[in-house]
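Biologist: Could you take a close look at the largest nonpolar core and the loops you would check alongside it? I'd love the numbers and cut-offs as you go.

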Amino acid sequence: MELSEEWKSLFPIGASTVSPLLLSDSALGPLIFNPKPHSLTLLFSSTSLLPPLHLPPHLFPSRFLLSTEHSSILPSTASSVASLFGSHNENDSASYFLHNRIHILKYPDRPNVVVFFPTGTNDDKVGFFMLHVKDSELHIQLDNNGDIFRASSGSAHRILRISVNQVTDFGLGASDLSGNSFPVIGYLLASTLYSVYWFVVKHNSILGRPSVFYLGGKVFKTCPVVHACWSPHILEESLVLLESGELFLFDMESRSSSATFKGTSLRVPWNDSTFSENKAWLSCEFSWHPRILIVARSDAVFLVDLRLKECSVTCLMKIETLRMYAPDDNERFLALSRAGPDNFYFIVASSSLLILCDVRKPLMPVLQWVHGIDRPCYINALSLSTLRSHSKEDTFKLASELGFCIILGSFWNCEFNIFCYGSTLPFGKGSINMKLSKINTTFSAWELPFEINLSNYECHCGSCLLREELSKHALPEWIDWQLKKEIVLGFDILSNDVAALLCEPDEHGGFTIIRLMSSGKFELQRYHASWALARNLEDCHEQDKESFCAKVHELLCEKLNTCGFGQSRSCPAVTAVFEDVKLPASFHEVSLRRLWADLPLKLLQLAFLSYSECRELIGDNQNRVALEFLAVPDLPQLPPFFLRKSSPHTNDDIVGPVVPFPVLLVLNEFLNGDSDLERGEFSVEAKLCLKYNEVTQVAGEIAISAHGSTCFDDHAVSLANDGEETWVGSSKPKSFSLYRPVAFNCAATDIVQGNSVSSDTIYETFIFHVSEKSCKQTESVGQEIFDDLCPIELRFDAPAKKFEPQDLKAYNLLKRQMTKWQESFDLYKDFCIQSGFEKSS
């Protein structure tokens with residue numbers, strides 16, 4: 001179906017298998033970014049960089065104050081006090097981790113950068129240090145005590161957000177209060193819950209480092225600050241949005257003598273009739289003109305035009321327009337940012353979707369993605385050339401220059417995705433193609449979004465994922481799992497010209513980030529463009545995984561080889577299964593062993609693990625989670641090792657199976673490309689029934705029935721004509737015996753309920769190996785002498801032991817008593833006669 005470009009944009013990428021605006025082409029180049037091995041560098045670490053500990057929202061004083069909603073009762077003192085604390089939802093615990101805590105300001109004329117971040121006992125100060133490159137090495141400049149530099153506004157309130165605005169040349173901007181003209185590097189603002197503070201960053205040529213000077217601030221006493229941003233057009237201007245929807249424009253040149261900014265209140269005619277408590281103001285940005293603003297609310301995005309005397313407001317996007325692919329009633333906008341290729345474009349993220357918009361096309365998205373991130377709060381758009389810089393080849397240079405990327409994620413939930421988009425025109429060399437691509441206004445998504453691992457510490461193996469999920473549920477209500485692990489608190493991308501001085505070119509380019517970890521470490525990490533997403537399995541558990549896998553592999557191979565299931569086996573699989581049957585086993589157990597024997601060794605290794613690994617998975621949940629498995633016995637037998645006992649484990653024990661057998665069976669069929677599985681007709685019961693029929697037929701050929709002819713399933717298939725599955729040495733006397741316990745031999749005189757009598761032979765019919773010879777008593781014999789006492793070939797899961805003459809005297813006494821009992825028990829004598837077992841005298 002041919003659709004217009006506007007209609008195509010209504011179908012989000014990832015919402016269905018077919019996305020009309022999804023472009024997948026190798027000409028785009030690699031669009032996946034993996035951490036470059038051995039590129040992690042620790043820049044600085046200090047306990048002063050640890051995030052401050054705050055009272056968990058679950059334990060706010062309001063929780064312990066009584067309140068009532070009954071109108072007939074006057075509000076109590078407790079309820080009045082509780083109302084002062086406001087309402088706290090379950091997401092309040094993440095409020096301290098909503099915003100990026102790092103921002104980088106680059107020197108305009110040299111390979112120096114300044115890293116800014118909140119610091120102090122209450123995050124009430126601006127901390128910073130300088131990085132400079134010398135001889136291809138990165139050096140960090142701290143104060144004389146080896147600590148970070150600090151700048152303060154004099155306020156003790158916690159800094160929630162910081163933002164920088166970089167100048168393009170030295171000498172631009174205002175001078176400091178003392179009148180000394182130092183080159184201005186840029187400007188910085190820091191906002192708290194009720195205030196905003198402005199700083200100017202200058203290069204101190206005397207000290208050879210940056211200096212930060214406080215310019216002034218503004219306190220909003222009655223309404224919290226929602227967002228503050230710098231103008232990309234006029235460096236000294238900034239915009240502040242309050243929770244009430246009020247907008248203030250500030251110019252740093254208009255501060256008063258008391259170091260306070262008055263600001264200009266922008267009279268925006270919001271339609272108050274459409275506002276309710278469920279709609280919260282979200283963010284603000286400058287658009288393509290210094291007096292055209294984009295303001296986002298949880299339910300809508302507006303364009304505010306202040307160029308004329310009368311301010312005009314236009315709705316650019318409504319949450320209702322997304323209902324087709326975001327039907328949840330709680331869907332809301334969460335983040336806003338400017339986007340490329342110019343300031344006409346902006347991006348907004350809702351609970352489910354990421355939308356690229358053009359201010360010239362209200363209510364009509366340019367592109368949409370289903371982002372799949374839980375409550376995203378960080379959003380940033382940049383050129384693809386920023387992420388694929390410093391490359392050895394220029395094969396994808398045109399795509400890099402014309403492509404754009406959006407990084408969307410959540411610091412609290414530790415997940416970030418990259419979304420790429422750009423021109424839909426085919427790429428080719430030549431100036432004509434370049435010009436056409438630049439003027440093209442039709443965009444498409446370049447490949448599906450992909451995850452980027454910012455911390456480089458997560459392991460995606462099954463053990464770590466299971467351990468993490470168990471630890472989340474084990475924590476008390478007032479402790480968040482994120483506070484128990486190392487997470488990224490903030491990051492920024494190092495400028496390409498500085499990063500290029502630190503490393504060799506990558507094959508397809510890459511980028512370098514500086515990040516702040518919750519452990520108080522600043523780290524430098526290089527990422528390179530790749531065609532496939534890399535996993536961190538080898539780096540995380542390489543040594544443990546190798547030793548553990550080798551041990552399990554060796555043990556399973558030993559068991560299988562002993563039972564005739566080694567790689568060099570010569571007898572058929574069914575034969576090897578019956579060779580494992582020594583003690584009585586039901587047909588159901590034998591059929592299960594047959595199915596287990598068909599599994600490849602790589603799947604068997606999934607089902608068993610060391611006991612130490614099992615305890616590590618459980619962790620602190622040992623009193624909550626029942627993950628106690630039996631140990632694999634030393635006695636040679638086939639999986640799933642029915643003949644074993646429960647006993648205290650050692651860390652060297654191999655336990656299992658820890659994965660349900662149906663799961664392993666489905667995995668095996670999937671790996672083998674089973675057609676029934678693809679058609680949805682696969683059944684574990686059907687597979688078991690098939691093996692049962694096979695076992696039944698073979699058992700009838702190799703075993704003597706202790707109760708005459710045994711009626712097996714009518715659907716059993718004879719294996720007489722099967723050249724591969726025949727019993728080796730079938731002319732020899734039959735060494736197996738079949739029997740059904742007396743309890744299952746129900747006659748007319750048996751006590752039954754109605755006419756229902758169980759006749760399921762898969763559970764009621766047992767087979768065992770008959771002892772072939774008796775043991776001659778000599779001066780020293782072993783445990784084999786017990787084979788004379790019954791027709792079953794006994795197997796002892798214990799160390800071999802030799803009996804001395806004094807032990808044989810006791811054995812002979814017990815044997816005479818046992819023989820006397822056997823001769824007086826008619827049912828046992830009949831059993832021995834029918835099974836062909838000749839009892840020793």
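**Loops and the core**

Modeller: Happy to! E447 lies in the loop between β28 (443–446) and β29 (450–451); helices (H or I, at least four residues) and strands (E, at least two) are DSSP runs numbered from the N terminus. This is a predicted model, where local features need pLDDT of at least 70 and side-chain atom pairs pLDDT 80 or more, while totals for chains, interfaces and linings use all residues. Residues are numbered from 1 along each chain as its sequence is written, and side-chain values use heavy atoms, leaving out hydrogens and water.

Back to that loop: the phi of E447 is near 65°, a positive value in a residue other than glycine. E447 counts as partly exposed because its relative accessibility is 27%; buried means under 20% relative accessible area, exposed over 50%, and partly exposed in between, with a 1.4 Å probe and protein chains only. H390, in the loop between α3 and α4 (397–402), also shows a positive phi, near 60°. Its relative accessible area is 25%, so H390 is partly exposed.

Now the core itself. A nonpolar core is a set of buried Ala, Val, Leu, Ile, Met, Phe, Trp, Tyr and Cys residues joined through side-chain atoms within 4.5 Å. The largest has 27 residues, and F33 and I418 touch the most other members. Among the elements giving two or more residues to this core are β2 (32–35), α3 (384–387), β27 (415–423) and β32 (521–530). Contact means heavy atoms within 4.5 Å; leaving aside neighbours within four places in sequence, F33 is in contact with L384, L387, R388, I418, F450, I452, F511, Y527, H528 and A529. A second, separate core of 24 residues includes V115, V133, I487 and F522.

Next, K36 sits in the loop between β2 and β3 (41–45). K36 counts as partly exposed because its relative accessibility is 25%. Again leaving aside neighbours within four places, K36 is in contact with E504, D506, Q525, R526, Y527 and H528. You will recognise Y527 and H528 from the contacts of F33. Along the chain, K36 and A534 are 498 residues apart, yet their C-alpha atoms are 9.9 Å apart in space.

One more loop for your backbone checks: P341 is found between β21 (333–338) and β22 (345–350). The peptide bond leading from G340 into P341 is cis, with omega near 15°.
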